[in-house]
Amino acid sequence: MHYPVHPPVSSRERRGRRLLAAAAAVAVAGSGLAALPLPAQGATPQPPTSVSSPNGRGDVILNMFQWSWNAIAQECTTTIGPAGYGYVQTSPPQEHIQGTEWWTSYQPVSYKIESKLGTRAEYQNMIDTCKNAGVGIIADAVVNHMAGADKGGGTGTGGSSYSVENYPGLYGPNDFNDCKSNINNYGDRYNVQNCRLVSLQDLRTSSDYVRTKIAGYFNDLISMGVAGFRVDAAKHIPAADLEAIKAKLSKPDVFWVHEVIGAHGEPIQPSEYLGSGDSHEFHYARELKTHFDGQIKNLRSIGDGKLPSDRAGVFVDNHDTERNGETMNYKWGAKYTLANAFMLAWPYGSPSVYTGYTWTDKDAGAPGATGNKVPDASCSSSSWTCIQRKPEITGMVKFHNLVAGTSVTNWWDNGNNQIAFGRGDKGFLVLNNEASPSTRTYKTSLPAGTYTDVVSATGKTYTVNGSGEFTATVPQYGALALVRAGTPQPTDPPTTTEPPASGDLKVYYSTSKGWSAYKVHYKVGSGAWTTAPGADLVAACTGWVSRTITGGASGATAAFNNGSGTWDNNSSKDYSLSGSVVAVNNGSVTSTDPCGTTTPTDPPTTPATTAATFSVNAPTVWGQNVYVVGSIAALGSWNAANAKPLSAATYPVWTGTVDIPAGTSFEYKFIKKDGNGNVVWESGANRTGSTSSSGSFTASVSWK
């Protein structure tokens, strides 16, 4: 809905947290300044049903504005869960007025779970599906008001009729505040909390009847499995009324975060709402915009003078502020990405990442929206921002999860728009908000070893020496985020661990690229990477070079290069290799010996085989690769360590061919694996297939 420009009222908040981390301190390196105290780090409670993720599992909320329930369910399985997000904040699920504009979702008609984004059954399925992916659901709750009086009456998205101050079976005239004019004075508490927010009919939340109805709506969503709530327009509800409503809930300690847009000099401030939950810290987002458009050296004090860190929800933008100019938004490009990287790395508040759709008209609804239906979001369309899929963002979610609970160390800045800092001995971030690349040596608190840059999505590694130093070039308006290569992630281990295969791996690499030299940069299992650019590949036969990787048969992760900065890293995903011999040619990996010199470990038991082609549409996060595994030896005998790798040459469709004995019936599934040994299996029943005595087998499916 529309909100007045002064002050930018009501965005849609989300989030929460509640775990208190120990107070952190900034250790200022190389500046001669005293260490700066930091407030306790905020943390939304981790979902209680956490499942394994290659990026760990943490408290980051993804605010999925105007995404349908079905689209969120799919995205939880394919992207959000594997990326390590803790929660999704949905748009309001209650019945609302009809209309194509986005703000119709914020004008309730009833508390039925029937919106233009989906039905009650679809919302329930989304909750269950996301829970199975390790992701909790936070609902945006609109309880300050009902529909706008300027709209008169009509029929809602769930079929309910309504008119001004008349919502049959729910509210009548006595359930609304006496003030019928619009808010016109933000310096007057009564005016702000009793009059209408741009014509929206303001509920009498001091009434026990109204409080009970609102609590019933919350309790309904809690019974469906919702993990928490963003309380929309909380600034317009007295804090005592919200505390009384929360006391009526079946789960009084459920997570709440209030949308209270703080403005200096006003009588209503976010801090007065901490009795019933956390509050969003709008000053944080405003300062991000100021500093990224000014000097990011000032980010070091961004937590000063604000809510306690453990009670503050922070964000770069939300659906209101991206439109009213109060904060940055996706149109800022690289600077917007840098701001999100900083938020996910800095230990103040509990971070929310925002994803929505592109717009020129600030009122326009989601792409293809009708009066009572929003089509499923599609990341194949440029109309949706799909920030949650950007490798820089998923990499920083991993960074955030891994460094949780550590202090800021080794702050450095150049006095302008380059900064760097560490998070204990777990990670180190560099931001370059300038128009030229920057090369320098950084001092860290990291132990000596090899570290991976997770924000650049290149998989490039850096070596930190015994003095905690490394040298790097960071591109203009770019970032670098280091975590220990092969470091186990803070996530639940698989319930079963397959025994690794033993033996060496002979890797062949095609010379079709015409490089003057060929090198392989690799690690075995979860071990350390070789020092870049890696080991030499030597001539094997015409068109091929090779190298034997000791112990690599059980699984190795590799990238190839010419020793001079040109890389083939499988479109930033690296290659997952296993078995006694593999050949890599233009993005395709096969279990064959192109030079005919390697004897297969297990010769086929029957002379007749047929080619089985597997193709699966399976979006992944950085570091993951897709494999096929099945019930027969040719498909690894259900051993994930022996699964057959598929090629990402046509990503997000992964393809591969496996020789299977003719006349064989089998079961199979697709799995996702990363370099740390984490395995994500498809859901549902096993797939089935069979090879005839004369024909081939082809499967072309989508990940389930």
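This is a walk through a predicted model, with a suggestion at each stop for what to select and a note on what is there.

**The whole chain**

Start with everything shown as a cartoon. The chain holds nine helices and 41 strands. Colour by burial if your viewer can do that: 59% of the 704 residues are buried. For a feel of the contact map, take the contacts between residues at least 6 apart in sequence; of these, 71% join residues at least 24 apart.

**The barrel**

Now select the strands S3, S4, S5, S10, S11, S12, S13 and S14. In that order they form a closed barrel of eight strands, and the pairing is parallel. From one strand to the next, the twist averages 30°.

Zoom in on S3, residues 61-64, and show its side chains. What covers the two faces here? In a regular strand the side chains alternate between the two faces of the sheet. In S3, Ile61 and Asn63 sit on one side, Leu62 and Met64 on the other, and all of them are buried, so both faces of the strand are covered.

Keep S3 on screen and add S4, residues 87-90. The two strands run parallel and are joined by three bridges. To find one of the pairings, pick leucine 62: its bridge partner in S4 is valine 88.

Further round the barrel, select S11 (residues 255-258) and S12 (residues 278-280). This parallel pair is held by two bridges. Histidine 258 is a handy marker, standing opposite serine 279 in S12.

Next, bring in the helices that lie against the sheet. H2 packs on it, touching S4 and S5 (136-141), and the direction of H2 makes about 140° with that of S5. Then try H8, residues 334-345, which also packs on the sheet. H8 touches S13 (312-315) and S14 (350-355), and its direction makes about 155° with that of S14.

**Two helices side by side**

Stay with H2 (residues 120-132) and add H1 (residues 69-83). Their axes come within 8 Å and cross at roughly 10°. Angles under 35 degrees count as roughly parallel, and H1 and H2 are therefore roughly parallel to each other. For the contact itself, show Trp69, Asn70, Ile72, Ala73, Cys76 and Thr77 on H1, with Glu122, Tyr123, Asn125, Met126, Thr129 and Cys130 on H2. Colouring these by type gives seven nonpolar, four polar and one charged.

**Histidine 521**

Jump along the chain to histidine 521, which belongs to strand S24 (residues 519-524). Is histidine 521 buried or exposed? Its relative accessibility is 2%, so histidine 521 counts as buried.

Expand the selection to its surroundings. Beyond residues up to four places away in sequence, histidine 521 touches a set that includes Trp529, Pro533, Asn561 and Trp567. Thr461 is also among the residues touched, and this one deserves a distance label: the side chains of histidine 521 and threonine 461 make a polar contact at 3.0 Å.

**The open sheet**

For the last stop, select S36, S37, S33 and S41. In that order they make an open sheet of four strands with mixed pairing. Its edges are S36 (647-650) and S41 (697-702), each pairing on one side only. Ignoring direction, neighbouring strands of this sheet are turned by 30° against each other on average.

Finish on S33, residues 609-617, which runs parallel to S41 and is joined to S41 by six bridges. Click threonine 613 and look across to S41: its bridge partner there is threonine 698.

Notes: Residues numbered from 1 in each chain as written. Predicted model: local features only at pLDDT ≥ 70, side-chain atom pairs only at ≥ 80, totals over all residues. Heavy atoms only, no water. Axes fitted to C-alpha atoms, helices over the stretch in contact; angles between N-to-C directions. Parallel < 35°, antiparallel > 145°, perpendicular 65-115°, else oblique. Contact = heavy atoms within 4.5 Å. Nonpolar A, V, L, I, M, F, W, Y, C, P; charged D, E, K, R; others polar. Buried < 20%, exposed > 50% of the residue type's maximum accessible area, 1.4 Å probe, protein only. Polar contact = N/O pair within 3.5 Å; in protein donor to acceptor, adjacent residues only side chain to side chain. Pairing = 2+ DSSP bridges.
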